[in-house]
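Let's take a walk through this one together, from single residues up to the biggest opening. Have the sequence and the model side by side as you read.

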Amino acid sequence: MEPMMETVGKHCQGPLSTFQRCILASKGNQAECVKEQQALADCAAQAVPLLQTMKQQCGHLIRDYDECLLVNRHASDEELTGKCLGKLQALADCTNEVKTHAEQAGGATST
């Protein structure tokens with residue numbers, strides 16, 4: 001996953017920077033940065049096609065984890081870990097499976 005993030009960072013510096021500035025300006029309220037987040041997501045999908053496959057196949061797990069973080073946003077780090085770690089592990093397992101399948105099929109890799 002790290003090489004994919006490096007590729008996104010290299011190819012999507014503008015959208016990433018714009019999204020980060022929006023998050024900082026809105027004091028972490030991601031709802032105010034939907035346009036910037038979508039621009040970053042679009043750029044990432046072009047830079048790393050495997051990310052799009054992961055979003056398609058693991059999207060429900062991404063949403064489950066995001067929802068857990070949102071519902072528990074006021075919890076301590078320890079409570080958050082206890083409540084959301086299983087969802088994060090399920091997401092990691094799914095993305096690893098997608099990546100392994102793509103590599104075995106000779107499909108998209110990190111670049």
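A quick bit of vocabulary before we start: a residue is buried at under 20% relative accessible area, exposed at over 50%, and partly exposed in between, using a 1.4 Å probe and protein chains only. What you have here is a predicted model, where local features need pLDDT of at least 70, side-chain atom pairs count only at pLDDT 80 or more, and totals for chains, interfaces and linings use all residues. Residues are numbered from 1 along each chain as its sequence is written, and side-chain values use heavy atoms, with hydrogens and water left out.

Now for the overall picture. The protein has five helices and zero strands, so the pattern along the sequence reads α-α-α-α-α, with helices (H or I, at least four residues) and strands (E, at least two) taken as DSSP runs numbered from the N terminus. Its C-alpha atoms fill a box of roughly 45 × 35 × 20 Å along the principal axes. Of the 111 residues in the protein, 25% are buried.

Start at methionine 4, which sits in helix H1. Its relative accessible area is 2%, so methionine 4 is buried. Look across to leucine 51: the two are 47 residues apart in sequence, yet their C-alpha atoms are 8.1 Å apart in space.

Next comes H2. Its 13 residues should span 18 Å at 1.5 Å a residue (the expected span is 1.5 Å times one less than the number of residues), and the end C-alpha atoms are indeed 18 Å apart. After H2 you meet lysine 27, whose phi is positive, near 55°.

H3 passes the same kind of check: 14 residues should span 20 Å, and the end C-alpha atoms are 20 Å apart. Which residues of H3 are buried? They are Leu40, Cys43, Ala44 and Ala47. These four lie on the same side of H3 because they cover an arc of only 100° around the axis, judged by the directions from the helix axis to the C-beta atoms. An α-helix has 3.6 residues a turn, so residues three or four places apart point the same way. On the other side of H3, Val34, Lys35 and Gln46 are exposed.

On to H4, home of both lysine 55 and cysteine 58. Is lysine 55 buried or partly exposed? Its relative accessibility is 43%, so lysine 55 counts as partly exposed. Cysteine 58, at 0%, counts as buried. Lysine 55 and valine 98 are 43 residues apart in sequence and 9.9 Å apart in space, C-alpha to C-alpha. Cysteine 58 and threonine 81 are 23 residues apart along the chain, with 20 Å between their C-alpha atoms.

Finally, the largest pocket. A pocket is an open set of points on a 1 Å grid over the protein atoms alone, where a 1.4 Å probe fits, with protein on both sides within 12 Å along at least five of seven lines; lining residues have an atom within 4 Å of a point. This one has a volume of about 1,200 Å³ (the space filled by probe spheres set on the points, which are joined across faces, edges and corners). Of its 29 lining residues, Gln30, Gln37, Lys55, Ile62 and Asp66 are the closest to the centre. H1, H2, H3, H4 and H5 each supply at least two residues of the lining, and H4 gives the most, with nine.
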